[in-house]
Amino acid sequence: MASFSFGAGNARKLRRIPLYLAGRLLTAVVPRSRDRWVFGCAVGVADGALALWRVADTAGERSTWLVADAAQARDAADLGIRSVRRDSLRGLWETARARVVVVTHGFGDVNRYAVVGAFVVQLWHGIPLKRIGLDSPETTRSTFLPRWSAVNRLLALLYRRTMRQIALLPAASHLVRGRLETAFGLDDARVPVTGEPRVDVLSSGSAEDRRRIARAALATALDIDLGDRRVVLYAPTWRDGAADPAIPTPDDWASIDAVLARRDAVLLIRPHPLGAGEYRAPSERVRMLGSDLVADVTPLLPGLDALITDYSSLAFDAGLVPLPVVFFAPDLEAYVARRGLYGRYRDVAGDEPARTWEATIARVDGILDDPADAITASRRRSAAVHAHRDGRNAERVHRAIRARLDAPSRRTSRTAASRRNGQ
């Protein structure tokens with residue numbers, strides 16, 4: 001499994017400074033179009049960028065998706081989306097000419113060297129429970145002269161200057177808004193509470209239709225007949241390139257398999273797309289659901305019967321289904337010390353999160369028997385961070401973009417009218 005860390009990524013950024021300077025020169029001389037949009041997403045043609053693209057396309061925006069590879073290009077073609085290779089000269093040109101640039105992870109979702117001067121919409125990709133951006137020391141950690149504090153200060157300065165290019169960063173709620181403002185160094189005018197486009201799929205249509213569609217998508221991705229079997233997802237979050245700390249032992253696998261057999265259930269394991277881990281399940285009741293099979297797991301949540309996670313934003317999204325959650329945090333103290341969390345973990349996960357697979361699978365067993373209390377807790381957890389649950393977040397974000405794009409022209413029109421009237 002491929003891994004990634006902030007340290008290695010930041011070292012690459014320092015080496016790319018000449019390319020960023022060249023890109024700045026390019027965007028200084030190439031005029032941006034008045035109506036072109038480009039979209040990009042680190043995980044593919046998916047996530048909140050796809051939800052916003054659909055609204056923008058219906059509204060008549062001229063949009064292009066910047067894809068990383070041939071597989072993403074095929075996905076875009078299947079959806080009827082015009083695409084261009086992100087890292088090609090054409091991708092550089094499309095980004096340099098676009099008036100609006102939409103990303104979900106970082107500027108590398110599009111052609112990173114031609115973003116300056118665009119109206120950048122950073123949709124982000126989850127409710128932050130773990131600290132992100134400027135709120136976490138991990139963001140400015142580097143493997144390049146790691147003991148030099150000056151390097152870390154330089155990275156923090158570059159990060160802050162880069163984030164100032166963001167024109168709009170939608171927030172799911174006022175609570176989340178505060179976290180995003182400090183993490184990205186933005187004022188509240190740039191962080192409106194519109195709801196996140198990525199979770200519209202969890203509120204659109206009927207609950208029955210959402211579950212039916214999600215179960216069908218799961219069956220297709222896994223190439224199995226799920227029938228009436230219960231489905232449990234284990235989705236640990238990223239640990240800065242380190243291996244997942246909770247890979248089951250042989251005894252763990254035996255306990256897991258016993259519960260799955262008794263409950264006629266399937267356990268899906270989804271390591272973080274940027275994480276690392278080696279899972280060798282000895283049972284057909286355990287399946288991998290990596291990002292190579294499914295780029296975006298959010299639309300599949302209605303097809304599940306329980307979620308196991310640690311510090312992932314999926315724990316907040318689950319309440320929109322609603323879906324019971326088991327919190328499994330084997331490395332809580334170490335993770336908090338290195339990465340940091342917003343608030344107290346117990347306020348989200350309860351006083352006693354599971355620390356072993358034995359405790360985790362026992363809680364899953366209980367939930368599959370009676371999920372009522374866990375569903376109530378999941379709803380309450382979600383209500384604290386998701387202000388909108390009407391499936392129209394992407395529409396609100398699009399209106400916010402258009403309002404900001406059109407505002408200068410309205411002021412210009414008023415000024416011109418005043419001059420004509422001799423005022």
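The secondary structure of the protein chain, in this predicted model, comprises 15 helices and 11 strands. Of the 423 residues in the chain, 52% are buried, and the accessible surface amounts to about 19,400 Å², with 52% of that area belonging to carbon and sulfur atoms. Among the contacts in the chain with a separation of 6 or more, 69% are accounted for by residues 24 or more positions apart.

One of the buried positions is Thr-237, which is found in the loop between strand E7 (230–235) and helix H9 (250–263). The relative accessible area of Thr-237 is 4%, and this residue is therefore classed as buried, the cut-off being under 20%. The side chain of Thr-237 is joined to that of Lys-130 by a polar contact of 2.6 Å. When residues up to four places away in sequence are left out of the count, Thr-237 touches Lys-130, Asp-244, His-272, Asp-310, Tyr-311, Ser-312 and Tyr-335.

At the surface, Leu-154, Leu-157 and Leu-158 make a nonpolar patch of about 240 Å². Leu-154 is located in helix H6, which spans residues 149–163. With a relative accessible area of 37%, Leu-154 is partly exposed, and it can belong to such a patch because membership requires over 30% relative accessible area.

Several features of the backbone also deserve description. Most residues other than glycine have a negative phi, and most peptide bonds are trans. Against this background, Asp-47, although not a glycine, has a positive phi of about 65°. Asp-47 lies in helix H3, which covers residues 47–58, and at a relative accessibility of 12% this residue counts as buried. A positive phi is likewise found at Trp-124, a residue other than glycine, where the value is near 60°. Trp-124 is placed in the loop between strand E5 (119–122) and H6, and its relative accessible area of 14% means that Trp-124 is buried.

The peptide bond that joins Val-321 and Pro-322 is cis, with an omega of about -5°. Pro-322 is situated in the loop between helix H10 (314–317) and strand E11 (325–327).

Technical notes. Residues numbered from 1 in each chain as written. Predicted model: local features only at pLDDT ≥ 70, side-chain atom pairs only at ≥ 80, totals over all residues. Heavy atoms only, no water. Patch = residues over 30% accessible without salt bridge, like charges linked within 9 Å, V, L, I, M, F, W, Y side chains within 5 Å. Areas by Shrake-Rupley, 256 points an atom, 1.4 Å probe, with all protein chains shown as cover. Salt bridge = Lys/Arg side-chain N within 4 Å of Asp/Glu carboxyl O. Helix = DSSP H or I, 4+ residues; strand = E, 2+ residues; numbered from the N terminus. Buried < 20%, exposed > 50% of the residue type's maximum accessible area, 1.4 Å probe, protein only. Polar contact = N/O pair within 3.5 Å; in protein donor to acceptor, adjacent residues only side chain to side chain. Contact = heavy atoms within 4.5 Å.
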